[in-house]
Amino acid sequence: MASEEQQPVKTICPYCGVGCGIQVNPGEEPGDMRFMPWGEAPVNEGKICIKGGAATQVVNHEDRLTDPLIKEDGEFREATWEEAYELIVSEMERIREEYGPDAMGFYGSSKTMNEENYLLQKLARRYGTNNVDNCTRMCHASTVWALRTSLGAGAMTNSMADLREEADVFWIHGANPGEQHPIANSVYFRQAVLEGATVIQVDPHANKTTRSFKIDETDRHMHLQVEPGTDIPLLNVVIKTILEKHEENPEEGWIDEAFIEERTEGFDHLKETLDGFDKEAAAEECGVSLEDIELAAEKYASADSAAIFTGMGMSQHACGVDNVQNEINLALITGNLGRPGTGVNPLRGQNNVQGTCDVGAMPNVLPGYQLVDDDEARKSVEEVWGFDVPAEPGLTNVEISHEFGESVKGLYVMGENPVMSEPDSNDVAERIQELEFIVAQDIFMTETAKYADVILPATTWAERGGTVTNTDRRVQRMRPVAKVHENTKHDLEIVSEIGTRLFGEDGGFDFEDPEEVFEELRLVCPSYHGMTYEALGEEGIQWPCYEEGDEGDQYLYEEHFDTESGLGHIEGVSHTPPAETPDEEYPLILTTARLEEHYNTGTMSRRSPTLNRQHPENFVDIHPNDAERYGIEDGEQVTIRSRRGEITVEAQVTEDIKEGSIWTTPHFAAASANRLTNDVLDERAKIPEYKAAAAEIEVGIEP
Ligand code: SF4
């Protein structure tokens, strides 16, 4: 039993966006921390998945960075913090003097807290650039764009809790909560299904979500196994079916005429887009029978309350914004918004990817999604900060990386790993060497940190305090247990020190603790304005929370949308095929996704013995017909090639994937999917097309 000084500490799981509460037992020594369940945790009610249970394993890992490192003659040497700070400040000043402030890029991190990301984006803007971004660019930038412009806020419209209580249909499109959001799936969605809700899953790959709802075994649920990159035609078949049925039988309520009339704009545009649309040809292109799509349309449209869940299978396309817009179209024409149990709900990946965007670590928005090019909004933030912010949006993280060695000469990376997380990663590794100066602030020597000039050893999730915001907008406090390595520093302390050295004691970076930073954040972020650390307590608060005493909102847009007109924006969209489609040289479509036991570039999960044991290496799923054609045995090593690189992995022969497509993961450095993926971007949201690339397989590789 813990002594009085060693009481368990209540904090939040550092992995996914569900935001489960956990406890950490401090143990006798700082490195002895152990996981404990938190029975009354607001989100997960004491349940936990394999990642959350293993989270303490990385805190005292032998690979931890424990001292600052400076690269000299190509080798790292230990340095003092003073040396590291002096070098960083002098190089950042030199770069600004020689090339101007836009020659620096700043990467925030969805694994770090709101206060830390807030301060990093403020540092970038005080330096004079909006070139600051975070990994939302790689996962849900298109979702955020579409939701923000068509409804008002780039976030889940509803909550796990109200969906469990009220949703009759769960339309899960390009998302895999059974694997990526296990506790949301088991505590909330499965409960709703046990009580009668129907699941319609749209995904090119059968996965744990398919199996967790036993979709094959009941007529109630459906899995529409689409060809990768055909989500727009599939949804257009759904929408066209609903419009046709409504015309045939207006009294059956296939669309919600009153809702369309009173609360939306653009319906005529949608109808015009679908004039002459050929449902049969579209269904064939999707690889799903027309009857099945029509049946799914009926299930969605006839439900009292139907909720859409949207994942990276939708967002990570060059047409990602249009993909999500079409989900919004479907929800708006059927009146499935602004009520419990409805909505368009992105399932966010990392434990603070929502918050990192909320606090403004993006090149086009300030805290609270206030546009940098909106003069009034920018001025209101400048008044609090006491300095001018550049009025032009900056570069996104992939754009920054495309400019390495060109307009961008220096890079500040806080807790990100772009050399592995960005598409076409072999090329990123080449380009990053063109930079003149790189700072990497992290807990481990990542694939990116190896290229740095200075490495700053940060502390882990269990060693520091602050707030994180989960997938349903709940801002929750993380609490420090104990520091493990004396010479490491918290991210906030590091950014605060660099800001103070660059801009002086009155430069706006001199903060005592995370709470003091949060107090400033409240002043510039309207949806967080009513929150205080005290009010957050153990339950947290779901934004928007405009005034102290507000309890936050479970669902958004009850009376109006937060658009300029107050109306929800409908806009018809047409099919854009993936930038690469199969051809003679690369006849297969490669698509990618994550595993339950691993976490993005694996910096933490690959160092967790429990997690790594489950999946120590990458693999590729291949349909039995393709395996037969290529002469591939289950378990055989194969090489997958794309126009950008190759990886050698084990083949898993399975009907989980359709004939003509293959599926692999990005978690394993030497054989990461991102050595193959295409870095073509969505024009507006600048998210890369991770989900579709042309590929070929070579067999006969020795293990
Ligand atoms: Fe952590 Fe997500 Fe698992 Fe919850 S579901 S324990 S937040 S990884």
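**Exercise 1.** In this predicted model, find which helices each supply at least two residues of the shell around the ligand, and then describe that shell by residue, class and domain.

*Solution.* Begin with the helices: H1 (50-53) and H8 (182-194) each contribute at least two residues to the shell around the ligand. Next, turn to the residues themselves, of which 14 surround the ligand, the closest being Cys13, Cys16, Cys20, Cys49 and Gly52. Sorting the shell by class then gives nine nonpolar residues, four polar ones and one charged. Finally, place the shell among the domains: at least three of its residues come from domain 1 (4-58), and at least three from domain 3 (141-346).

**Exercise 2.** Work out how the protein chain is divided into domains, and examine how domain 1 meets domain 4.

*Solution.* The division comprises domain 1 (4-58), domain 2 (69-138 + 351-542), domain 3 (141-346) and domain 4 (588-698). Although the centres of domain 1 and domain 4 are separated by 31 Å, taken over C-alpha atoms, six residues of domain 1 are in contact with 10 residues of domain 4. On the side of domain 1 that touches domain 4, four residues are nonpolar, one is polar and one is charged.

**Exercise 3.** Decide how the overall size of the protein chain compares with what the globule rule gives for 703 residues.

*Solution.* Start by noting that the protein chain has 26 helices and 30 strands. Its radius of gyration is 24 Å, close to the 27 Å given by the globule rule for 703 residues, so the chain is as compact as a globular protein of that length. As a further step, consider burial: 58% of the 703 residues count as buried.

Conventions
Residues are numbered from 1 along each chain as its sequence is written. This is a predicted model: local features need pLDDT of at least 70, side-chain atom pairs count only at pLDDT 80 or more; totals for chains, interfaces and linings use all residues. A residue is near a molecule or strand if its C-beta atom, placed from the backbone, lies within 6 Å of it. Helices (H or I, at least four residues) and strands (E, at least two) are DSSP runs, numbered from the N terminus. Ala, Val, Leu, Ile, Met, Phe, Trp, Tyr, Cys and Pro count as nonpolar, Asp, Glu, Lys and Arg as charged, and the others, Gly among them, as polar. Domain bounds come from an automatic or database domain assignment. Two residues are in contact if their C-beta atoms, placed from the backbone, lie within 7 Å. The radius of gyration is taken over C-alpha atoms; the globule rule is 2.2 Å times the number of residues to the power 0.38. A residue is buried if 20 or more other C-beta atoms lie within 10 Å of its own, exposed if 12 or fewer, and partly exposed in between; C-beta atoms are placed from the backbone.
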